[in-house]
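Student: I am new to this structure and would like a close look at a single part of it. Could you take me slowly through one helix, its surroundings and the contacts that belong with it?

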Amino acid sequence: MSLTLAAARQIIEVAMETGRGQGWKPLSVVVLDAGGHVLSFDRPDGASPGRFEIARAKAYGAVMLGMGGSAQMARAEAQAYFMAAVNGVFDGKVLPVPGGVLVRGPGGAVIGAVGVTGDTSDNDAAAASAGIRAAGFVAEA
């Protein structure tokens with residue numbers, strides 16, 4: 001099973017609506033497939049242009065390492081040398097903080113990742129997880 005464009009757009013819509021409903025700062029959201037390729041991205045009016053790279057780095061680390069941003073942050077805190085080396089391997093494209101959430105399909109296979117940025121990292125992760133669940137998948141923050 002793989003993520004479709006329709007599912008990616010649903011994830012983005014629900015994640016952004018979750019943020020609006022909670023009164024959070026505007027969220028930018030990207031959905032990557034299992035290979036780390038962008039399926040879809042949305043950035044609200046007025047959001048800084050760097051939001052794409054931040055969201056993508058959160059999602060990219062999740063899908064490439066097979067662990068959500070929260071687990072990456074814990075690993076970075078426990079073994080900074082490991083995350084520094086990983087970031088070197090991936091040309092600096094990994095941002096090990098909450099907001100990068102794995103998308104798991106039936107049977108638990110990783111089928112992609114979502115990266116959200118704009119509010120606190122924990123709120124970013126909560127919005128991503130809401131979008132993933134709304135599309136019928138399992139979120140691993």
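Tutor: A salt bridge is a side-chain nitrogen of Lys or Arg within 4 Å of a carboxyl oxygen of Asp or Glu. What you see is a predicted model, in which local features need pLDDT of at least 70 and side-chain atom pairs count only at pLDDT 80 or more, while totals for chains, interfaces and linings use all residues. Residues are numbered from 1 along each chain as its sequence is written, and side-chain values use heavy atoms, with hydrogens and water left out.

The part to look at is helix 1, residues 5-22; helices (H or I, at least four residues) and strands (E, at least two) are DSSP runs, numbered from the N terminus. The expected span of a helix is 1.5 Å times one less than its number of residues, so the 18 residues of helix 1 should span 26 Å, and the end C-alpha atoms are indeed 26 Å apart, in agreement. After helix 1 comes Gly-23, which has a positive phi, near 75°.

Buried here means under 20% relative accessible area, exposed means over 50%, and partly exposed lies in between (1.4 Å probe, protein chains only). In helix 1 the buried residues are Ala-7, Ala-8, Ile-11, Ile-12, Ala-15, Met-16 and Gly-19. They cover an arc of only 160° around the axis, which puts them on the same side of helix 1, where the arc is that of the directions from the helix axis to the C-beta atoms. The face turned away from this buried side carries the exposed residues Ala-6, Arg-9, Glu-13, Arg-20 and Gly-21.

One of those exposed residues, Arg-20, joins its side chain to that of Glu-17 in a salt bridge, with 3.0 Å from N to O. Arg-20 and Glu-17 are both in helix 1, 3 residues apart, which is about one turn of the helix. Arg-20 has a relative accessible area of 51% and is exposed, whereas Glu-17, at 41%, is partly exposed. The whole structure holds 4 salt bridges, and another of them joins Asp-124 to Lys-58, with the closest N and O atoms 2.9 Å apart. Asp-124 lies in helix 5 (residues 121-134) and Lys-58 in helix 2 (residues 51-65), so this pair ties together parts that are 66 residues apart in sequence. Here Asp-124 is buried at 1% relative accessibility, and Lys-58 is buried too, at 3%.

Helix 5 also belongs to the cover of helix 1: what covers the buried residues of helix 1 includes strand 1, strand 2, strand 4 (110-117) and helix 5, where contact means heavy atoms within 4.5 Å. Two strands pair if DSSP finds at least two bridges between them, and strand 1 (residues 28-33) pairs with strand 2 (residues 38-42) in the antiparallel sense over 4 bridges. These two strands form a hairpin with 4 residues between them, and Gly-36 in the turn has a positive phi of about 85°. Within the hairpin, Val-30 stands opposite Phe-41 in strand 2, and Phe-41 is partly exposed, with a relative accessible area of 27%.
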